[in-house]
Amino acid sequence: MSALTEKIVIVGAGQAGGRAAEALRLAGHTGPLTLIGEENEPPYERPALSKGVLLGTEAESSTHVLPRAAYAERNITLRLGTWVEAIAPAAQRLLLSDGEWMAYDKLLLCTGSRVRPLHGVPDIAGVHYLRTLADCRRLKADLQPGAQMIIVGGGFIGLEIASTALKRGVTVSVVERQPFLLERVVPRAIAAAVQDLHRSRGVTLHLNTAAVEILGDRRVTGIRLADGRVLPAGIVLIGIGILPNTELAEAAGAASDDGVIVDEFGRTTLPNVYAAGDVTSHPNPILGRRLRLESWQNAQNQAITVARNMLGGNVPYAEVPWFWSDQLDTNIQMVGAASPDAEVHWRGDPASGRAMAFAWEDGRLRYAVAFNNGAELRFARKLIERGADVSPDLLCNPGRKLKDIAGAAIQAA
Amino acid sequence: MAWHVVPGAEALGEDEIVGLKIDGVDVAVCRHDGAYHAFQNVCTHQYALLSDGFVEDGCIECPLHQARFDIKTGQPQCAPASVPIRIFPVKVEDGRVYVDLDGGKG
């Protein structure tokens, strides 16, 4: 049987699942194609849930990966409100939540991730997490002018929600256990610039302290910090990270280690079972190590690459990680990866609102960030991709165009 | 036909791009292979100005999500874009660059 006519089932109808289905049809797959999703929504992208959709400036439909009608037009069967209870890999069948057994020739797992719960949190009004459109609707209803909000967790999701809440007239405090915001994800020098931005706009930061208790009976009234202080709040948002949904694959016998293990083509350790998106631990040949990425780029591009490989393609997924965030009228874009103590050099002053920073490790450029300067980031991406040898003095010389510096360094590499 | 002059476009270098508003419409004009091209300046995926992006290999790359569009046909070249951008006719007269908003296609 040709790969183009095989029966393909995609488990997980998020951004990765939706993009994979689209890519399969674009690549000529004409066989039966089913997309199974637990939420009662067609595949959608999540970035705007903490920004435009939460603020009310963007419609929910703007997040859809494909227009609703496109699935029927492309003969993609959407099974929403449905989840997979088990995979029988030897029989190549799935047990669905409604009791149906569904056969597959090839299976793609795009089960994504879920919020990391804060232990001991009472189920009372005013306490929120943000992962789904339904979460977004509930939080949006609570963001009323004059409300007081505490955000537990100083990561990107929390800081974006802080920015949106401020725009809605809400007073915002952020509580972060670590001494810096964004501790797991950016070098400290860059976190410091983000901290300055938030403080300058009136966000209160409580760093190096943990939230130990959420107070309130039927509705939240505040939180207690580890040092005993009580902060009053009518809204508490918990944003302390996400966890990959690996259980289904693990129960079927797939190898898993902080993500379902896939190779560079997206193959799991089970025959005819592939995985893409947040849930995967995949090798990155440019960085030379395994990664699990929680990003829009990975959800889209790994899914597209793996979908093509399911049809007989042989292309490894190999991109420099790229991520963006919008906070307080600042578009922050990052490429590469660097540890918290990486050596950072600035091109421009972040306090001016527009700047770039670069991080070196072991003498190599590994990471770059652009504040309101996304168009220039492409040069840094190319330098990192090619492993070009470029010094801080050269890259941070404001008298020379980044395009020219990068062009010369790449030619020399 | 209503031709609008694009001030300063004649000074664009190869693969340089400028954005402007004409009658409330966001328009981008770029120079590629020595010729001028004009198209809608707002990405069809999500709001971003393509004139903040990058012209390369005959395509404009959006600065926000790296969607790419062919600057001659407007056709999207990769995800996340699936809807083409509008292309506007361009003419050069007496060394100045003009765009016709009514003649757009796509």
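**Exercises on a two-chain predicted model**

The contact between the chains takes 8 residues from chain B and 7 residues from chain A, two residues being in contact if their C-beta atoms, placed from the backbone, lie within 7 Å. The model is predicted: local features need pLDDT of at least 70, side-chain atom pairs count only at pLDDT 80 or more, and totals for chains, interfaces and linings use all residues. Residues are numbered from 1 along each chain as its sequence is written, and chains are lettered from A in the order in which they are written.

**Exercise 1.** State how compact chain A is.

Solution.
- Step 1: the radius of gyration of chain A, taken over C-alpha atoms, is 22 Å.
- Step 2: the globule rule (2.2 Å times the number of residues to the power 0.38) gives 22 Å for 413 residues.
- Step 3: the two values are close, so chain A is as compact as a globular protein of that length.
- Step 4: along the principal axes, the C-alpha atoms of chain A fill a box of roughly 65 × 60 × 35 Å.

**Exercise 2.** Place His198(A) in the chain and decide whether it is buried or exposed.

Solution.
- Step 1: His198(A) sits in helix H6 (residues 188-200) of chain A; helices are DSSP runs of H or I, at least four residues, numbered from the N terminus.
- Step 2: a residue is buried if 20 or more other C-beta atoms lie within 10 Å of its own, and exposed if 12 or fewer.
- Step 3: His198(A) has 21 C-beta neighbours inside 10 Å and therefore counts as buried.
- Step 4: leaving aside neighbours within four places in sequence, the contacts of His198(A) include Ala162(A) and Leu328(A).

Methods:
Helix = DSSP H or I, 4+ residues; strand = E, 2+ residues; numbered from the N terminus.
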